[in-house]
Amino acid sequence: MQTFHWIFLQCIAGCYKKLGKTEECEKHIAEAYHLISVVRKDFEEKKDYYIEPFYEHLGKYDLAEYIK
């Protein structure tokens, strides 16, 4: 269920980007990252594993410039 939520937040961020609302876009990306990082108890140990699909979806929603 959490996966759906962070993906949806990224989708919303992509919409805000298209509307030129950078602040809202970045806010939703930050919320998505926060969600993925807190729901997985082993996030720090397996960060590369969890962050790969996160970044993949950023690219999918034309948010590649936010991939760190």
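These legends go with close-up views of a predicted model.

**View 1. Helices α2 and α3 pack roughly antiparallel to each other.**
Helix α2 covers residues 22-39 and helix α3 covers residues 47-60. Their axes come within 11 Å and cross at roughly 155 degrees. That angle is over 145 degrees, so the pair counts as roughly antiparallel. As for handedness, α2 passes α3 in a right-handed crossing.

**View 2. Side by side, these are the residues where α2 meets α3.**
From α2, the contact takes in I29, A32, Y33 and I36. From α3, the partners are K47, Y50, I51, F54 and L58. How many nonpolar, polar and charged residues does the contact have? Sorted by class, there are 8 nonpolar residues, no polar ones and 1 charged one. Lysine goes in the charged class, so K47 is the charged residue here.

**View 3. F43 sits in the loop between α2 and α3.**
Is F43 buried or exposed? Its relative accessibility is 2%, so F43 counts as buried. Setting aside neighbours within four places in sequence, F43 is in contact with Y33, I36, S37, Y50 and I51. Some of those names will be familiar from View 2: Y33 and I36 of α2, along with Y50 and I51 of α3, also take part in the helix-helix contact.

**View 4. C11 and its closest cysteine sulfur, in C15, are not bonded.**
A disulfide is a covalent bond between the sulfur atoms of two cysteines. Why is there no bond between C11 and C15? Their sulfurs are 4.7 Å apart, and a disulfide needs them within 2.5 Å, so the gap is too far for a bond. C11 itself has 28% relative accessibility, so this residue counts as partly exposed.

**View 5. C25 is a buried cysteine.**
The relative accessible area of C25 is just 1%. For C25, too, the closest cysteine sulfur is in C15, but at 9.7 Å that is too far for a bond. With the 2.5 Å cut-off, the disulfide count comes to 0.

**View 6. D62 has a positive phi although it is not a glycine.**
Where is D62 found? Look in the segment after α3. The phi of D62 is about 60 degrees, which is the thing to check on the backbone in this view. At 48% relative accessibility, D62 counts as partly exposed, because the exposed class begins over 50%.

Key: Residues are numbered from 1 along each chain as its sequence is written. This is a predicted model: local features need pLDDT of at least 70, side-chain atom pairs count only at pLDDT 80 or more; totals for chains, interfaces and linings use all residues. Side-chain values use heavy atoms; hydrogens and water are left out. Axes are lines fitted to C-alpha atoms, for helices over the stretch in contact, and angles run from 0 to 180 degrees between N-to-C directions. Helices (H or I, at least four residues) and strands (E, at least two) are DSSP runs, numbered from the N terminus. Angles under 35 degrees count as roughly parallel, over 145 as roughly antiparallel, 65 to 115 as roughly perpendicular and the rest as oblique. A crossing is left-handed if the near helix is turned anticlockwise from the far one by less than a right angle, and right-handed if clockwise. Contact means heavy atoms within 4.5 Å. Buried means under 20% relative accessible area, exposed over 50%, partly exposed in between (1.4 Å probe, protein chains only).
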